[in-house]
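Me: Please take a close look at one part of this structure, the packing of one helix against its neighbour. I would also like to see how that part sits in the rest of the chain.

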Amino acid sequence: AERASKEEFVEHILPHLKPIMKLSEPVQIMLQLMQKMELLLVKTPGDDVRSDVLPLLYRALECDTQQIQELCLSVIPACAQLVENHAMKNALLPKIKKLCLGTGYLSIRVNCLVCVGKILEYLDKWLVMDDIFPFLEQ
């Protein structure tokens, strides 16, 4: 996949990866996909990122594995510009907030806050005032 052109990737590799992106078990699959997320984001068309990659990221945030959660939080800023406003407000931010407030790992909490800080430029100012500021107090 790394050596394939974007067109070859879309034609020959992506159709086989889409069903794999829907799997949550075994966790090694999700871990590998998170580790190669930069490649996926570069070679996958925007519509496919929205339909297949973003749901993978949402599931990774809800995963019980700390390493996957941390990888996911580090990848989110790279694809934040592809997330539509309603998905950002109703899907991504609530999952990040839930993870941050529900985890016992300090590193996850810090990475959640760093992630939110990096995606601020893609957020509507009202969303920041209504959702982010109250979240920071919590």
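Reply: What follows starts with the confidence of the model, goes on to one helix pair, and then turns to the core and some single residues.

The model is predicted. Its mean pLDDT over the chain is 90, and 100% of the residues score at least 70. Helix H1 (residues 6-21) has the highest confidence, at 94, while helix H8 (residues 125-137) has the lowest, at a mean of 86.

The pair in question is helix H4 (residues 46-62) and helix H5 (residues 66-79). Their axes are 9 Å apart, and the angle between the two helices is about 145 degrees. The crossing of H4 past H5 is left-handed. On the H4 side, the contact is made by Leu-54, Leu-57, Ala-60 and Leu-61. On the H5 side, it is made by Ile-68, Gln-69, Cys-72, Leu-73, Val-75, Ile-76 and Cys-79. Sorted by type, the residues of this contact are ten nonpolar, one polar and no charged.

Two residues of the H5 side, Leu-73 and Ile-76, return in the largest nonpolar core, which has 47 residues. Together with Met-37, Met-88 and Ile-96, they touch the most other members of that core. At least two core residues come from each of H1, helix H2 (27-35), helix H3 (37-43), H4, H5, helix H6 (85-102), helix H7 (106-119) and H8. For Met-88, leaving aside residues up to four places away in sequence, the contacts are Ala-80, Val-83, Leu-93, Pro-94, Ile-119, Leu-123 and Leu-127.

Within H4 itself, Leu-56 and Gly-46 can be set side by side. Leu-56 belongs to helix H4 and has a relative accessible area of 0%, so it is buried. Beyond residues up to four places away in sequence, Leu-56 touches Met-21, Met-30, Leu-33, Met-34 and Met-37. Lys-22 is 34 residues from Leu-56 along the chain, yet their C-alpha atoms are separated by 6.7 Å. Gly-46 is also in helix H4, but at 27% relative accessibility it is partly exposed. Its C-alpha atom is 20 Å from that of Leu-93, a residue 47 positions away along the chain.

On the H5 side, Leu-73 and Gln-69 are also reached by Ile-108, a residue of helix H7. The other contacts of Ile-108 are Gln-66, Glu-70, Leu-99 and Thr-103, again not counting residues up to four places away in sequence. Ile-108 counts as buried because its relative accessible area is 0%. From Ile-108 to Val-53 the C-alpha distance is 21 Å, with their positions 55 residues apart in sequence.

Two sites outside the pair complete the picture. Phe-9 lies in helix H1 and is buried, because its relative accessibility is 0%. Apart from residues up to four places away in sequence, Phe-9 touches Ala-1, Ala-4, Leu-14, Pro-15, Leu-17, Leu-40, Lys-43 and Thr-44. Phe-9 and Ser-107 are 98 residues apart in sequence, and their C-alpha atoms are 35 Å apart in space. The other site is Pro-26, in the loop between H1 and H2. The peptide bond joining Glu-25 and Pro-26 is cis, with omega at about -10 degrees. Most peptide bonds are trans.

Technical notes:
Residues numbered from 1 in each chain as written. Predicted model: local features only at pLDDT ≥ 70, side-chain atom pairs only at ≥ 80, totals over all residues. Heavy atoms only, no water. Axes fitted to C-alpha atoms, helices over the stretch in contact; angles between N-to-C directions. Helix = DSSP H or I, 4+ residues; strand = E, 2+ residues; numbered from the N terminus. Left-handed = near helix turned anticlockwise from the far one by under 90°. Contact = heavy atoms within 4.5 Å. Nonpolar A, V, L, I, M, F, W, Y, C, P; charged D, E, K, R; others polar. pLDDT = per-residue confidence, 0-100. Core = buried A, V, L, I, M, F, W, Y, C linked by side-chain atoms within 4.5 Å. Buried < 20%, exposed > 50% of the residue type's maximum accessible area, 1.4 Å probe, protein only.
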